[in-house]
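Work through the exercises below with the sequence and the coordinates at hand. Each task is followed by a solution in steps.

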Amino acid sequence: ERKLMESRSVAEVSLDGTGLTRLPSALPMWSHLGRTLTQISLNGNGLLELPLAFSKLRNLRRLFLEGNLLRELPPPVLSLVKLEELGMGCNQLTGLPEGIGALRKLAEVWLVSNEISYLPQSFGQLTRLRKLELSANALHELPRSFGKLTGLTHLWMSGNSLSIFPQHLC
């Protein structure tokens, strides 16, 4: 924490596989990092949540939280409106909040191997989405708004319970 506060221009932080179970909650540290940090990788830890102060990372473009113990999209993530890439595969997510539609700059979302059984209607607001990985989840159907994702170039959905794409998406 002290080292990060002393730094002047940290653009990327990687704390993959370090055994973290929680992150510091100190608002000054996150505000300081929020000025310059564009990427943070916290893959392969034991995180259950993110501190509220995480929302101060206003310039964050890439966030990787793969292989943690997250049961929901941490609320501070919904404030990261410059986010372009979100990796949350191999967690315990059961769904996504309606507020995800506010992350309109998202271009790549990686949600493989969770327990996601539904996507909110607001998911269709992610019109910049190009790559979407939803394999190995528990999806039975897609929201009507999914048809608005016309910019998708890569879509992975194997290992779900979708039998066919609903007609309203065609």
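The exercises concern a predicted model and go from a helix to a core, ring pairs, salt bridges and backbone angles.

**Exercise 1. Helix α2**

Determine which residues of helix α2 are buried and what they pack against.

Solution.
- Step 1: Helix α2 covers residues 27-34, and its buried residues are M29, W30, H32, L33 and G34.
- Step 2: These buried residues pack against α1 (2-6) and β2 (39-41).
- Step 3: Take H32 as a case. H32 has 16% relative accessibility, and the cut-off for buried is under 20%, so H32 counts as buried.
- Step 4: With neighbours within four places in sequence left aside, the contacts of H32 are L4, M5 and S7.

**Exercise 2. The largest nonpolar core**

Find which residues of the largest nonpolar core touch the most other members.

Solution.
- Step 1: The core has 43 residues, and those touching the most other members are W30, I40, F54, L60, L63, L119 and F123.
- Step 2: Helix α2 supplies the largest share of this core, three residues.
- Step 3: W30 belongs to α2. Outside its neighbours within four places in sequence, W30 is in contact with residues including L23, P24, I40, P51, F54 and L57.
- Step 4: I40 and F54, both contacts of W30, are also in the list of core residues that touch the most other members.

**Exercise 3. A pair of rings**

Classify the pair formed by the rings of F123 and F146 and state which parts of the chain the pair ties together.

Solution.
- Step 1: The structure holds three aromatic pairs. In the pair of F123 and F146, the ring centres are 6.4 Å apart and the planes stand at 5°.
- Step 2: Planes under 30 degrees apart count as stacked, so the pair of F123 and F146 is stacked.
- Step 3: F123 is in the loop between β5 and β6, and F146 is in the loop between β6 and β7, so the pair ties together parts 23 residues apart in sequence.
- Step 4: F123 is buried, with a relative accessible area of 1%, and F146 is buried at 7%.

**Exercise 4. Two salt bridges**

Locate the two salt bridges of the structure and give the exposure of R61, E84, R62 and E85.

Solution.
- Step 1: R61 and E84 form a salt bridge with an N to O distance of 3.8 Å. R61 sits in the loop between β2 and β3 (62-64), and E84 in the loop between β3 and β4 (85-87), so the pair ties together parts 23 residues apart in sequence.
- Step 2: R62 and E85 form a salt bridge, with their closest N and O atoms 3.8 Å apart. R62 is in strand β3 and E85 in strand β4, so this pair also ties together parts 23 residues apart in sequence.
- Step 3: R61 is partly exposed at 29% relative accessibility, and E84 is partly exposed at 30%.
- Step 4: R62 is partly exposed with a relative accessible area of 30%, whereas E85 is buried at 15%.

**Exercise 5. Positive phi**

State where S113 and A136 lie and what their phi values are.

Solution.
- Step 1: Most residues other than glycine have a negative phi.
- Step 2: S113 has a positive phi near 55°. S113 lies in the loop between β5 (108-110) and β6 (131-133) and is partly exposed at 33% relative accessibility.
- Step 3: A136 has a positive phi of about 60°. A136 lies in the loop between β6 and β7 (154-156) and is partly exposed at 34% relative accessibility.

Terms used. Residues are numbered from 1 along each chain as its sequence is written. This is a predicted model: local features need pLDDT of at least 70, side-chain atom pairs count only at pLDDT 80 or more; totals for chains, interfaces and linings use all residues. Side-chain values use heavy atoms; hydrogens and water are left out. Buried means under 20% relative accessible area, exposed over 50%, partly exposed in between (1.4 Å probe, protein chains only). Helices (H or I, at least four residues) and strands (E, at least two) are DSSP runs, numbered from the N terminus. Contact means heavy atoms within 4.5 Å. Rings of Phe, Tyr and Trp (its six-membered ring) pair if their centres lie within 6.5 Å; planes under 30 degrees apart count as stacked, over 60 as edge-to-face and the rest as tilted. A nonpolar core is a set of buried Ala, Val, Leu, Ile, Met, Phe, Trp, Tyr and Cys residues joined through side-chain atoms within 4.5 Å. A salt bridge is a side-chain nitrogen of Lys or Arg within 4 Å of a carboxyl oxygen of Asp or Glu.
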